[in-house]
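Work through the exercises below with the sequence and the model side by side. Try each task before reading its solution.

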Amino acid sequence: MRTILKYGGIAAIVVLLACPVLHAQDQLEISGGYNVNIPTGAFKDYITHPGYKGFTIGLAYPINDQLRVGLSFGYNDFYQKYPRQVYDDGKGNAISAVVSNSVQQLPLLLTANYTLVKKGFIRPYVGAGAGVNFVTFDQYLGEFDDPRTRTKWALKGEAGFYIPLSSYSSTAIKIGGSYNYMPYNSDGVKNLDTWGIEAGIRLPIH
């Protein structure tokens, strides 16, 4: 938990420092959303359950009516408990224990988002992000755990649609999906890639 608060605090400071710069243009937008992430690839060898505890907060500056660039911060929590089994401790000893895997990801990304059409009730978009991923990986063997923290890079691709709520501002509901490429290659885990589903809202700040 301390690690999560530490990295969350760092990300919050970065976002707050970005606010005055973007807000000076008087067109800053803030967005927030709830997301569910589904492990894929090698990540499924450790956790197969979707992560339902996730959110994303972002700040963006509109370059024009369709293109926006900004910064986003997210949090994703994964946990899975496996039935009791017999494990080899690597020293020739057999251990009977319940194993639980716990992973928290905090991606901090530079983002770009492009709305494909300017008008209409539904406006499709595509987007991309690149940055760093603060990871806490913890494996419980019975009542003993060994938490490890790592900082890795991250990439994100997304697509979906906006539903405008106002004719006079950029306020809109956002619904979309994403693929999150999260290399890890530590602690016996090759990657932490996920498919994501997100729903949220975008609001202008004046």
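A residue is called buried when its relative accessible area is under 20%, exposed when it is over 50%, and partly exposed in between, with a 1.4 Å probe and protein chains only. This is a predicted model, in which local features need pLDDT of at least 70 and side-chain atom pairs count only at pLDDT 80 or more, while totals for chains, interfaces and linings use all residues. Residues are numbered from 1 along each chain as its sequence is written, and side-chain values use heavy atoms, with hydrogens and water left out.

**Exercise 1. Describe the chain as a whole: its burial, its elements and its contacts.**

Start with burial: of the 206 residues in the chain, 43% are buried. Next, take the elements, where helices (H or I, at least four residues) and strands (E, at least two) are DSSP runs numbered from the N terminus. The chain has one helix and 13 strands, and the order from the N terminus on is α-β-β-β-β-β-β-β-β-β-β-β-β-β. Finally, take the contacts, meaning heavy atoms within 4.5 Å. Among contacts in the chain with a separation of 6 or more, 61% join residues 24 or more positions apart.

**Exercise 2. Find the largest nonpolar core and follow one of its residues.**

A nonpolar core is a set of buried Ala, Val, Leu, Ile, Met, Phe, Trp, Tyr and Cys residues joined through side-chain atoms within 4.5 Å. The largest one has twelve residues, including Phe-43, Ile-47, Val-103, Val-135, Phe-137, Tyr-184 and Leu-192. The strands β6 (99–115) and β7 (123–141) each supply at least two residues of this core. Apart from this core lies another, of six residues, among them Leu-71, Phe-73, Tyr-75 and Leu-108.

Now follow Val-135: leaving out residues up to four places away in sequence, Val-135 touches Val-103, Gln-104, Arg-148, Thr-149, Arg-150, Tyr-184 and Leu-192.

**Exercise 3. Classify two aromatic pairs and locate their partners.**

Rings of Phe, Tyr and Trp (its six-membered ring) pair if their centres lie within 6.5 Å, and planes under 30 degrees apart count as stacked, over 60 as edge-to-face and the rest as tilted. The structure holds eight such pairs.

For Phe-137 and Tyr-184, the ring centres are 6.2 Å apart and the planes stand at 35°, so the pair is tilted. Because Phe-137 lies in strand β7 and Tyr-184 in strand β11 (residues 183–186), the pair ties together parts that are 47 residues apart in sequence. Both Phe-137 and Tyr-184 are buried.

For Tyr-179 and Trp-195, the centres are 4.7 Å apart and the planes stand at 65°, so this pair is edge-to-face. Tyr-179 is in strand β10 and Trp-195 in strand β13, 16 residues apart, and the pair links distant parts of the chain. Tyr-179 is partly exposed, with a relative accessible area of 29%, and Trp-195 is also partly exposed, at 49%.

**Exercise 4. Locate the empty space in the model and say what lines it.**

On a 1 Å grid over the protein atoms alone, a cavity is a set of points where a 1.4 Å probe fits but cannot get out, a pocket is an open set with protein on both sides within 12 Å along at least five of seven lines, and lining residues have an atom within 4 Å of a point. Grid points are joined across faces, edges and corners, and a volume is the space filled by probe spheres set on the points.

Begin with the largest pocket, which has a volume of about 370 Å³. It is lined by 19 residues, of which Asp-65, Arg-68, Arg-123, Ser-169 and Ser-170 are the closest to its centre.

Turn then to the cavities, of which the structure holds two of 30 Å³ or more. The largest contains about 320 Å³ of space, and among its 23 lining residues the closest to the centre are Ser-31, Gly-58, Thr-111, Tyr-162 and Lys-174. The largest share of this lining, five residues, comes from β1.

The second largest cavity has a volume of about 130 Å³. Its lining has 16 residues, with Asn-35, Thr-56, Asn-76, Lys-156 and Asn-180 nearest its centre.
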